[in-house]
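Me: Please walk through this structure with me. I will ask short questions and would like short, reasoned replies.

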Amino acid sequence: MDNASHWIYDPEVHGRGGHEKFRMQKGEFTQQLNASNGCPSGAIQKPGTTELTTYHMEGNGVWASYFEPVSPFHPQLVARSTCRYKPLVRLSFPQILQGLHLSCVHSVRAWRYGGTSEAVTKPHLSDHAWLGENRQRGAKLLHKYYQPNRVLLASVRGANPHSKRLAVHIRHSDKANRRKRIKILHFLPYVQTYLKNVPPSAMVYLATDSSEVMSRIRETWPTTVVIRIHTQDSTSDTA
């Protein structure tokens, strides 16, 4: 709970699959950010690089463990297509943090991060309007690119066999960079409204990083609501 972000890679889960090798042009993004939108500039061929570069890929990766591919690109197809003459680029950490995370106006954000420009925070908008814009933009990207694979769908359906369910995430651990800890009681009206408008078999699935959250819910929320809550199987304080 120290506000640090760590790589989430399990070699037993994400390292399955064979070894892939392919050759492509090595490219790079220009270091400057686009003045109009704050995003990293377009990909170019790496200066002085004309030979094809050999790339290696081990395992199936984190994404492929849970989602369908976002494009038809596959290393085995590169050798038989003109893709090998296009620049393959990798964003640097400053381009991700200062570019996509803080500066790019097209990026989706869950709150108004500190360190961003007014073009991103749009102080003239209310929180409701600003969040609405980001949620609409995020929904389009979610539906376009995030297609769960069969393994993930089977796991979700096994954990939530009911036809109707509401997912609630109450995060009460690290709250850095202008985030606020919302009181547990403030979630209740939304859950009650949902339960009033769905069949009795509908459930609420609660995810939280604190065992204290569930204890407080059991103590303060109506029993009629508590009995319809499912949560992750965990005896630890974090999950």
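**Helix 9 and its salt bridge**

Reply: Arginine 216 and glutamate 219 both sit in helix 9 (residues 211-220), three residues apart, about one turn of the helix. Helices (H or I, at least four residues) and strands (E, at least two) are DSSP runs, numbered from the N terminus. This is a predicted model: local features need pLDDT of at least 70, side-chain atom pairs count only at pLDDT 80 or more, and totals for chains, interfaces and linings use all residues. Residues are numbered from 1 along each chain as its sequence is written, and side-chain values use heavy atoms, with hydrogens and water left out.

Me: What N to O distance goes with the salt bridge of arginine 216 and glutamate 219?

Reply: A salt bridge here is a side-chain nitrogen of Lys or Arg within 4 Å of a carboxyl oxygen of Asp or Glu. An α-helix has 3.6 residues a turn, so residues three or four places apart point the same way. The side chains of arginine 216 and glutamate 219 meet in such a bridge, and the N to O distance is 3.3 Å.

Me: Which residue of that pair is exposed, arginine 216 or glutamate 219?

Reply: Buried means under 20% relative accessible area, exposed over 50%, partly exposed in between (1.4 Å probe, protein chains only). Arginine 216 has 37%, so it is partly exposed. With 58%, the exposed residue is glutamate 219.

Me: How many salt bridges does the structure hold?

Reply: Arginine 216 and glutamate 219 make one of them. Aspartate 127 and arginine 112 make another, with the closest N and O atoms 2.5 Å apart. Lysine 122 also bridges to glutamate 133, at 2.9 Å between the closest N and O atoms. The total is three.

Me: Aspartate 127 forms a salt bridge with arginine 112. How many residues apart are they?

Reply: Aspartate 127 forms a salt bridge with arginine 112. The pair links distant parts of the chain: aspartate 127 belongs to helix 6 (residues 127-145), arginine 112 to the loop between helix 4 and helix 5 (118-121). Their separation is 15 residues.

Me: Is arginine 112 buried or exposed?

Reply: Aspartate 127 has 53% relative accessibility, so it counts as exposed. Arginine 112 has 18% relative accessibility, so it counts as buried.

Me: Which parts does the pair of lysine 122 and glutamate 133 tie together?

Reply: Lysine 122 is partly exposed at 25% relative accessible area. Glutamate 133 is partly exposed at 30%. The two are 11 residues apart in sequence, and the parts tied together are the loop between helix 5 and helix 6, and helix 6.

Me: In helix 4, why do the buried residues line one face?

Reply: Gln95, Gly99, Leu102 and Ser103 are buried in helix 4 (residues 93-103). The arc is that of the directions from the helix axis to the C-beta atoms. Seen down the axis, the buried residues line one face because they fall within an arc of 140 degrees.

Me: Which strands stand at the edges of the open sheet in the order 5-6-7?

Reply: Three strands form this sheet, with parallel pairing. Two strands pair if DSSP finds at least two bridges between them. Each edge strand has a single partner, so one side of each is left without a neighbour in the sheet: strand 5 (165-170) and strand 7 (229-231).

Me: How many bridges join strand 5 to strand 6?

Reply: Strand 6 covers residues 203-208 and runs parallel to strand 5. Histidine 169 stands opposite alanine 207 in strand 6. The number of bridges is six.

Me: At what angle does helix 9 run to strand 6?

Reply: Axes are lines fitted to C-alpha atoms, for helices over the stretch in contact, and angles run from 0 to 180 degrees between N-to-C directions. Helix 9 lies across strand 5, strand 6 and strand 7. Its angle to strand 6 is about 140 degrees.

Me: Which element gives the largest share of the largest nonpolar core?

Reply: A nonpolar core is a set of buried Ala, Val, Leu, Ile, Met, Phe, Trp, Tyr and Cys residues joined through side-chain atoms within 4.5 Å. Of the 19 residues in the largest one, Ile217, Trp221 and Ile229 touch the most other members. Elements giving two or more residues include strand 5, strand 6 and helix 9. The largest share, four residues, comes from helix 8.

Notes: Contact = heavy atoms within 4.5 Å.
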